[in-house]
Amino acid sequence: GESDGEDAPPPISRQGRQRSNSLPNVAHDHGFMVERMRHSLRAKGLTEIDTDFDCGYITSIMNRQKDGKQRTFEYAMQKLEASIRWRREFGAPKVTYEDVAQSLAPQHMIWKGFDVSGRPILFVKPSLMDLTTYDTDNYLKAHVYLLEQGIAMIPKGQTTFVLVADATGLGHKHTDLKLMRRLVHVATLAYPDRLGALIVGPTNMIVRGIWTVVSKLISSAMASKIRFVRSPRNAICEMLREGDEPPEWLS
C-alpha cells in the first residue's frame, strides 16, 4: 500500500530468535565467530575479508535469518565468499568515475546525506538519464561504482544504506528490464544485506510493471524493505538527519 509514514529500521537486538545448532550465540561471542569467519575465508585466499568488510557487517551477515532461523556459519560464509569472488572478478573496487562518467553525467544518481540512524542515502531519478549515451553495461558498472562509493561512507555501527527512487516522469524509454534483472542479481550476490530501505514513488503503470518482474526475483526479506509512497521527498524528509537536504530535483 502507499504511505508517507516512516518505517522503523530493523531491530538491532536479535535475542530470543531461534538459533542454528551449528552457530554459537553470535551476540555474545561474535568476536570469536568473526575471527573464525575471517580465518576460513583467508584460508581460501580471499584476503578481502580483512580489507573490505568490518566486524559489524560480518556479524550482520551471520546474524540474519534464513527461513525463520538464524543463518548457519556455512551459509553466511558462502554469502561472503560469493560477494568477494564477484567483486574481484568484476573489478568492482577499481571502477573509477571516468569509467562511468557517461552514465552519471546527468547527476541523477547521487549520494547525499544520511538518515537519522546514520545510513547514507542514494537518490536516483531515472527520467533524468541521458538516453543518447545510454548503454546497459556502462549503466550496470555505474551502479557498481556508486555502491562501492556508498558502502565506503557507511559509518561504524551501521551496515546498510537507503535508496530513494523518484519515478516522476518515468516512461518505457527509461526502462531496461535486462538491466533491472542484472541489478537485482548484483545487489543480492555482490552486496548482500546492504540495502536497508528502498523508497519508491510516485507509483505509476511503469513502476507497477517493473515491480511485477522484480518481485519474482527477490526474497521476502528484501521485499519487506521496499515502500511505495506518493511523495519520495516527504517520505525521506521525515527520516533525514538534521541539516541534511534531499536533491532539488526530488519530487
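1. Start with the cavity lining. In this predicted model, the largest cavity is lined by Q102, S103, P106, M129, D130, T133, Y134 and Y139. Sorted by class, four of the lining residues are nonpolar, three are polar and one is charged.

2. Next, the volume. The largest cavity measures about 30 Å³ by computation. Searching the whole structure for cavities of 30 Å³ or more turns up one.

3. Now the sheet. Five strands form an open sheet. Read across it, the order is β3-β4-β5-β6-β7. The pairing is mixed. As background, strands of a sheet pair through backbone hydrogen bonds, and the pairing can be parallel or antiparallel.

4. Which strands stand at the edges? They are β3, residues 109-114, and β7, residues 226-228. Each has a single partner strand, so one side of each has no neighbour in the sheet. From one strand to the next, the twist averages 20°.

5. Look closer at the β3 edge. What is the sense of the pairing between β3 and β4? It is antiparallel, over four bridges, with β4 spanning residues 120-124. One bridge to find in the structure joins M109 to V124 in β4.

6. Finally, a helix over the sheet. Helix α6 covers residues 136-153. Helix α6 lies across β3, β4 and β5, the last of these being residues 161-166. Against β3, helix α6 runs at about 15°. So β3 is worth tracing by eye: β3 is an edge strand, β3 pairs with β4, and helix α6 lies across β3.

Definitions and conventions:
Residues numbered from 1 in each chain as written. Predicted model: local features only at pLDDT ≥ 70, side-chain atom pairs only at ≥ 80, totals over all residues. Heavy atoms only, no water. 1 Å grid on protein atoms, 1.4 Å probe; cavity = no way out; pocket = protein on both sides within 12 Å on 5 of 7 lines; lining within 4 Å. Points joined across faces, edges and corners; volume = space filled by probe spheres on them. Nonpolar A, V, L, I, M, F, W, Y, C, P; charged D, E, K, R; others polar. Pairing = 2+ DSSP bridges. Helix = DSSP H or I, 4+ residues; strand = E, 2+ residues; numbered from the N terminus. Axes fitted to C-alpha atoms, helices over the stretch in contact; angles between N-to-C directions. Contact = heavy atoms within 4.5 Å.
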